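Hi,

Here is the structure I promised to pass on. Have a look at it first, and my notes on what turned up follow below.

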Amino acid sequence: MVTHTICCTCGNILRVTDAAPGAKAVCSRCEKVWTVPDLPDPASPTPPPAGVRRVIVSRRPASSTGTVIFSLAVLGAIGLAVFFLMRAGSEKPTPGPNPIATAPQPPPALPPPDPPFQGRRDEGDAIRETVQKRAEDPPRRVMSNRDRQAELDLYIYRINTAGLVAAVLDLRGKKAEAASLRDSIGGFAAELDRFLVRVREEGQDPFVPDHILRDDVITHFDTNDFRKLDAAASEKVLVRFLAALRAGSRARVAVKRGTDFADLDIRYHQRPKELYVILQLASIVPGAYGPEVASGDRPEGAPPPPPEVTLPDALRVLADSFRRAPPADRARAAKGLRDGTEKARAPAVVFTGATYLAISDEAWDLKGEGADALQGYFDAVKIAEVEAFDKARHLAALADLRTRIPAVRAKSPNAEGLLLRFAAAHAADCGATEAEVTRAAEGLGLKRTADGKRW
């Protein structure tokens, strides 16, 4: 069964079944007559005859809504892709570790700004700026021989300390004592010159820092202008510095040297005990002064200064390591012992205790076993009761020191020296015969002096 399909021009579709070629078919819609065409032979296809009319099939056009939606979706995708590409291009990638990267280079230096306008300046302003200027210190030049360098430092310490103490005496109005101390500066300077000649002959060229000369007049001390301070305030500044001398103490000092000025950098790399003799010329006790107070009288309502320490109280401070730790209490106890020496029943021991308290444990270099040995002696003999000692207790103290000194000799020579001083003081205060003292202090090597009063 063969079915022919004919599409009419009106859009109607005609289906003719088992119709012979050349048969007629009428459209049911427009009543147009159509002729059934001949079917081609599938075995030998031949082109249709020229006169045969081609069948045209027309289809209803599809809607354009889907095409518009598809176009909009494509445009939106393209826009999103462009947006993300632009955003990724604007962000800077985080640099990863670079094993061969060099250190970041600093930005190029800009030219210095113009200096600000400055008003009128006087001589005091220039000196004050010089004193306040603290540039980085170059490396200290020292000699290869440490003993020679220590000897050079000691000469400089003596000269500068004598100059500062002489200035204190001048401010107190003691011109004669100050002149005598300045004469000693000349002696120290002569010793320094001889020392320099000796070391230069040995082939060394030491660096000698500038120091106070005999006729120098101090005008500035750190930031203090002595020309604007009164004598009492200037003296306070110097005394506080001298009383607190230790390794590392430093001050910038401006002095008037003839018609010119000199800027000195006074430094103490160590604290020699020999300087105590110079400080005593002005009755300056190391560690006896606290932090510096601004110039002026004591504020109203402030408590009065503490009373003088009596001899028993000073002995209790000597015996107690906790009570002698504050520098001010230690200094007052030293003064109390020194003032009570003449009336004491054990003057030698009391004076030795005053000598010990007048210098700090740091200056004595008492550390570890040396400090423990000294405190152990104070506790064993009950040094606070030394005014009540009789001959037997003094000899017992000698016996205790006889066993204590050899044990500390190799560990702390300074503690050994102090304990030997106390041993000689007990021998002087006990009133025993030389044979009894020698027997009690066997091995210490004590001998009586020519005048028979000391050991």
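**Strand pairing and the rest**

Let me start with a small detail: F221 has N224 as its bridge partner in strand 6. Before going on, please keep in mind that this is a predicted model.

That pair belongs to the contact between strand 5 and strand 6 (residues 224–225), which run antiparallel and are joined by two bridges. H220 is also involved, with D225 as its bridge partner in strand 6. The two strands make a hairpin with two residues between them. In that turn, D222 has a positive phi of about 55°.

Strand 5 (residues 217–221) also pairs with strand 7 (residues 250–257), again in the antiparallel sense, this time over four bridges. V217 is one of the residues involved, and its bridge partner in strand 7 is K256. As for cover, four of the five residues of strand 5 are buried, so the strand is mostly covered.

Moving one strand along, strand 7 pairs with strand 8 (residues 260–267) over eight bridges, and the sense is antiparallel. K256 turns up again here, with F261 as its bridge partner in strand 8. Strand 7 and strand 8 form a hairpin too, with two residues between them. G258, in the turn, has a positive phi of about 70°.

Put together, what order do the four strands take in the open sheet? The order is 6-5-7-8, with antiparallel pairing. Strand 6 and strand 8 each have a single partner strand and stand at the edges, so each has one side left without a neighbour in the sheet.

**Nonpolar cores**

The largest nonpolar core has 51 residues. Those that touch the most other members are L337, Y356, L374, Y377, I383, L398 and L446. Several helices each supply at least two residues of this core, including helix 8 (327–339), helix 9 (347–357), helix 11 (369–381) and helix 12 (391–408). Which helix gives the largest share? That is helix 13, with nine residues.

If you want one residue to click on, try I383. Leaving aside neighbours within four places in sequence, I383 is in contact with L315, L318, A319, V349, Y377 and F378. Apart from this core lies another one, of 43 residues, with A166, I212, L238 and L279 among them.

**A patch on the surface**

There is nonpolar material on the outside as well. V68, F70, L72, V74, L75, I78, V82 and M86 form a nonpolar patch on the surface. Together these residues have about 810 Å² of accessible area. L75, one of the patch residues, lies in helix 1 (residues 65–90). Is L75 buried or exposed? Its relative accessibility is 58%, so L75 counts as exposed.

**Overall numbers**

For the protein as a whole, there are 14 helices and eight strands. Of the 455 residues, 34% count as buried. The protein exposes about 29,300 Å², and carbon and sulfur atoms supply 57% of that. Among contacts with a separation of 6 or more, 62% come from residues 24 or more positions apart.

That's what I have for now. Shout if anything is unclear.

Cheers

Key:
Residues are numbered from 1 along each chain as its sequence is written. This is a predicted model: local features need pLDDT of at least 70, side-chain atom pairs count only at pLDDT 80 or more; totals for chains, interfaces and linings use all residues. Side-chain values use heavy atoms; hydrogens and water are left out. Patches are made of residues with over 30% relative accessible area and no salt bridge: like charges are joined within 9 Å, nonpolar side chains (Val, Leu, Ile, Met, Phe, Trp, Tyr) within 5 Å. Accessible areas come from the Shrake-Rupley method with a 1.4 Å probe; for residues, only the protein chains shown count as cover. A salt bridge is a side-chain nitrogen of Lys or Arg within 4 Å of a carboxyl oxygen of Asp or Glu. Buried means under 20% relative accessible area, exposed over 50%, partly exposed in between (1.4 Å probe, protein chains only). A nonpolar core is a set of buried Ala, Val, Leu, Ile, Met, Phe, Trp, Tyr and Cys residues joined through side-chain atoms within 4.5 Å. Contact means heavy atoms within 4.5 Å. Two strands pair if DSSP finds at least two bridges between them.
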